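Here are some exercises to work through with the structure viewer open. Try each task yourself before you read its solution.

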Amino acid sequence: MSFAIHGLAVARGIAIGRAVLVASSRVDVAHYFIRAEQVQAEIERVRRGRNAVVDEIQRLQRTIANMGPKETPHELAALLDVHLLLLQDQELIAGVKRWITDRLYNAEWALTTQLEVIARQFDEMEDEYLRERKADLEQITEKVLAAMKGVAVKIVPASTRNLRHASQQDLLLDDTLDVPLILVAHDLSPADMLQFKQSVFAGFVTDVGGRTSHTAIVARSLGIPAVVGARLASQLVRQDDWVVIDGDAGVVVVDPSAIILAEYGFKQRQGEIERGRLSRLLHTPAVTLDGHRVELLANIEMPEDAPGAVKAGAVGVGLFRSEFLFMGRNGNLPDEEEQYLAYRRAIDGMQGLPVTIRTVDIGADKQLDRVGREEVHLNPALGLRAIRWSLADPDMFLTQLRAILRAAAFGQVNLLIPMLAHASEIRQTLSLLEQARAQLDGRAAPYGPVRLGAMIEIPAAALTLKLFLKYFDFLSIGTNDLIQYTLAIDRADESVAHLYDPLHPAVLRLVADTIAECNRQSKGVSVCGEMAGDVGLTRLLLGLGLRSFSMHPAQILAVKQEVLRADAGKLRAWAHEVMAEEEPAARLH
Ligand code: PEP
Ligand code: MG
């Protein structure tokens, strides 16, 4: 039966495919397709992993038998029996084989997929004892996964098997294999999202998350449709269900009827036609009808995104979120050389265009690694994040500053500092920057000049602009956080997403004042939060005097179209009228 789940629209477009349910804790399990001739080897890999765990359990059983009943609790022996039984469960074994043979999933993916299928059955059981066996099943799956590590066979990288982009000879011409896959998970961390960069999924749905959560931001950068905050999606959708993701409306349709499918298929084609139309603007300069030149920059997460940004028509990078270089590394942070090479790749990828590198913004919803519940701070968004984190670990910060300064010898680099609020933080930052230069001088290492910028993303900063403009060459307004902190709305929490309002008069006041003060002092100012890529807000921001927008590359041409149609002079008075409204949104929509 067809039904719809409503969530938040975060990454545009329509995706139609089959659901792949992944437990949040297993998102980091590799997902890729194998070749048909690798099926047997892949089944063998699971068999060897399983046998290793069986051997281990039997060894334990022998030890227990030799120890005598007094020394070993009866429960342990019983538990081992249950684990052995589960490992021999025909549904598990046959299911895993089926996912490998019929769908060409890699072994780990097949195992975790079948685990989800069986876990769902356990959830539905009346008998409490049996229901609790789900935890045992999860445990043995973890053990098999661990045993399989190190017995990998050569695999086809996901990118060669990407269902939407693979060349025809890469695809196996079987209907069931050509179906795009939609990932459905309770939650995905920004670090998980990094893996998506080379994944096989054509779209994703999560139960939690807000519109400007970093998970959503990375989804946008992947250019795949996504819906977050879909509450119970991971419980309502079943493995292999057909689903439609409407990333424009924030709707997930499960088990769609033929009519609904045809409708979405039509919408999908319309989207493609619209993208084709916009691509004609690629080489058109972004100039308003009354002659104001507007700078359209890209937000990127990894150096490898840079060439795509140039292709999308960006005239530079306005925000390189360098923290993505630091995530998912189990605490092994990149050293100076690794960072230097990464920044150089971004600079080289931009072919002489300016690159704004933001120092790490770790914390809040961007944790370095998957963290246990006990490690989550009370109020992570108000805690040790961004520049606070950097200043708390000067060696780490100095390492990053040196790497950026060295890379700056090879192109135009702007250095951007996130989350500043206090004069003391500004002073410490400047002093560490001087120290980083002195360290490089001491090593006679070459480095280049940087323009220094501060992000305005805490209301306290927006209210003390003169202090900031005294020390910085340019400001960049991080509206995602500025909205969060002005309205006291956690940007990652879907339960308050309806109150997260870029058009709240208080937010507009802070944005407008920042732009006006920078313009008055002839200092550079841009917006690099998600507001910059929202075509519904382009005219308003132009009217407020903004001439530099930094956004996800896929949005650049749509924003350019708005710029080309706008008369910035005429928009000025209108923008100030909008700001004066009790509910400015009513004037815009
Ligand atoms: C912002 O806060 O608007 C911003 C661009 O930074 P981030 O989204 O990475 O917090
Ligand atoms: Mg921010």
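## Exercise 1: Ser550 and its surroundings

Ser550 belongs to strand β16, which spans residues 548–551. Strands here are DSSP runs of E with at least two residues, helices are runs of H or I with at least four, and both are numbered from the N terminus.

A word on conventions: this is a predicted model, in which local features need pLDDT of at least 70 and side-chain atom pairs count only at pLDDT 80 or more, while totals for chains, interfaces and linings use all residues. Residues are numbered from 1 along each chain as its sequence is written, chains are lettered from A and ligands numbered from 1 in the order in which they are written, and side-chain values use heavy atoms, with hydrogens and water left out.

**Task.** Decide whether Ser550 is buried or exposed, then find what its side chain reaches.

**Solution.**
- Step 1: start with the cut-offs, where buried means under 20% relative accessible area, exposed over 50%, and partly exposed in between (1.4 Å probe, protein chains only).
- Step 2: Ser550 has a relative accessible area of 0%, so it is buried.
- Step 3: look for polar contacts, meaning pairs of N or O atoms within 3.5 Å; within protein, one must be able to donate a hydrogen and the other to accept it, and residues adjacent in sequence count only if both atoms are side-chain atoms.
- Step 4: the Ser550 side chain reaches the backbone oxygen of Ala298 at 3.4 Å, and a polar atom of this side chain lies 3.5 Å from the backbone nitrogen of Gly318.
- Step 5: widen the search to contacts (heavy atoms within 4.5 Å). Leaving aside neighbours within four places in sequence, the partners of Ser550 include Leu297, Asn299, Leu319, Val527 and Cys528.

## Exercise 2: the site of ligand 1

**Task.** How many residues surround ligand 1, and which element gives the most to its shell?

**Solution.**
- Step 1: count a residue as near the ligand if one of its heavy atoms lies within 4 Å of it. The count is 17 residues, and the closest are Arg321, Arg358, Gly478, Asn480 and Arg491.
- Step 2: check the polar pairs. A ligand 1 oxygen is 2.7 Å from an N or O atom in the Arg321 side chain. Glu457 has a side-chain N or O atom 2.9 Å from an oxygen of ligand 1, and for the side chain of Asp481 the distance is 2.9 Å.
- Step 3: turn to the accessible area (Shrake-Rupley method, 1.4 Å probe). Ligand 1 taken alone exposes 290 Å², and the protein buries 100% of that.
- Step 4: sort the shell by element. Those that give two or more residues are α7 (214–222), β10 (317–321) and α17 (479–487). The answer is α17, which gives the most, with three residues.

## Exercise 3: helix α7

**Task.** How many of the residues of α7 are buried, and what is the sign of phi at Gly223?

**Solution.**
- Step 1: go through the helix. Eight of its nine residues are buried, leaving α7 mostly covered; among them are His214, Ile217, Arg220 and Ser221.
- Step 2: take one residue of α7, Val218. Val218 counts as buried because its relative accessibility is 0%.
- Step 3: compare sequence and space. Val218 and Met193 are 25 residues apart along the chain, with 6.5 Å between their C-alpha atoms.
- Step 4: move past the helix. Gly223 follows α7 and has a positive phi, near 70°.

## Exercise 4: positive phi outside glycine

**Task.** Where do Ala386 and Met419 lie, and what is the phi of Ala386 and of Met419?

**Solution.**
- Step 1: recall the background. Most residues other than glycine have a negative phi.
- Step 2: Ala386 lies in the loop between β11 (355–358) and α12 (387–392). Its phi is positive, about 50°, although Ala386 is not a glycine.
- Step 3: Met419 lies in the loop between β12 (413–417) and α14 (423–442). Met419, not a glycine either, has a positive phi of about 65°.
- Step 4: check burial. Ala386 counts as buried because its relative accessibility is 0%. Met419 is buried, with a relative accessible area of 0%.
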